[in-house]
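Thanks for coming, everyone. I'll walk you through one model today, so have a look at it while I talk.

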Amino acid sequence: WSSDVCSSDLTTGTTITSVASEGANPVVVTVNPDGSVAVQQGDAVSVNIPTNGEPQVAGCAPAPFSPEGFVAYQLPDGGMVNISSDGAVSISTQDGFTVNSGVDSATIVTSPEGVSITSAPEGSLIVAAGDGTTMVASTDGFLNCNTTEGYSLACTPAGSVTAVDGDGYSFTDRKSTRLNSSHVKRSRMPS
């Protein structure tokens, strides 16, 4: 795994996140459809958090202090794994990456630069950059991308593609998966 990666298996709902970490190995976080979470760093460190029951921990120690309502473990690189009493999990690395998994197994990954990746249990994915750019991919085949400069791209499962440039001009292809002159409709979006 390389650093700062989030992938979602749409067939199972499993989310695998690899985030940068000081030291030789990134922290790899796997969130399963049942809400269980596994944290791995190299071969020696693992924290397995089932949806009910006690976490299984290897290669890291309980943190010197835990916030009220949490059980905390310290990773060798200085990162933390916090497990709340309701089953939510928060993992943070020494250099500012965080992975949060709620009790509904939705996962949010945040980088120090403000990039956020949210994966829902049904497999949809939302990416938000620190500048406000967003990308949403849903399991039903829709894809929407928007930038702060006003550019957008929308794709439907039927193959319709609509692109809007920064000046508000819209380009639509409704029949094929490729843009060509016989299918493109160009129009000015109202301001």
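**A few spots in the model**

Let's start with Glu122, which sits in the loop between strand E13 (116-119) and strand E14 (125-128). When I say strand, I mean a DSSP run of E with at least two residues, numbered from the N terminus. Before going on, the small print: this is a predicted model, where local features need pLDDT of at least 70, side-chain atom pairs count only at pLDDT 80 or more, and totals for chains, interfaces and linings use all residues. Residues are numbered from 1 along each chain as its sequence is written, and side-chain values use heavy atoms, with hydrogens and water left out.

Back to Glu122. Its relative accessibility is 45%, so Glu122 counts as partly exposed; the scheme is buried under 20% relative accessible area, exposed over 50%, and partly exposed in between, with a 1.4 Å probe and protein chains only. Glu122 and Thr139 are 17 residues apart in sequence, with 7.2 Å between their C-alphas.

Now to strand E5, residues 45-49. How many of its five residues are buried? Four of them are, so to speak of E5 as mostly covered is fair. On one side of the pairing story, strand E4 (residues 37-41) runs antiparallel to E5 over five bridges. Pairing here means that DSSP finds at least two bridges between the two strands. Val39 has Val47 in E5 as its bridge partner. Three residues separate E4 and E5 in their hairpin, and Gly42 in that turn has a positive phi of about 65°.

E5 also pairs with strand E6 (residues 56-58), again in the antiparallel sense, over three bridges. There, Ser46 is matched with Ala58 in E6. This hairpin has six residues between the strands, and Gly53 takes a positive phi near 115°.

What about the cysteines? Searching the whole structure turns up zero disulfides, a disulfide being a pair of cysteine sulfur atoms within 2.5 Å. Take Cys155: its closest cysteine sulfur is in Cys145, 7.2 Å away, and that is too far for a bond. As for Cys60, it counts as buried because its relative accessible area is 14%.

Last stop, Ser84, in strand E9 (residues 80-84). Is Ser84 buried or exposed? Buried, because its relative accessible area is 14%. Leaving out residues up to four places away in sequence, Ser84 touches Gly69 and Phe70, where contact means heavy atoms within 4.5 Å.

Key: Helix = DSSP H or I, 4+ residues; strand = E, 2+ residues; numbered from the N terminus.
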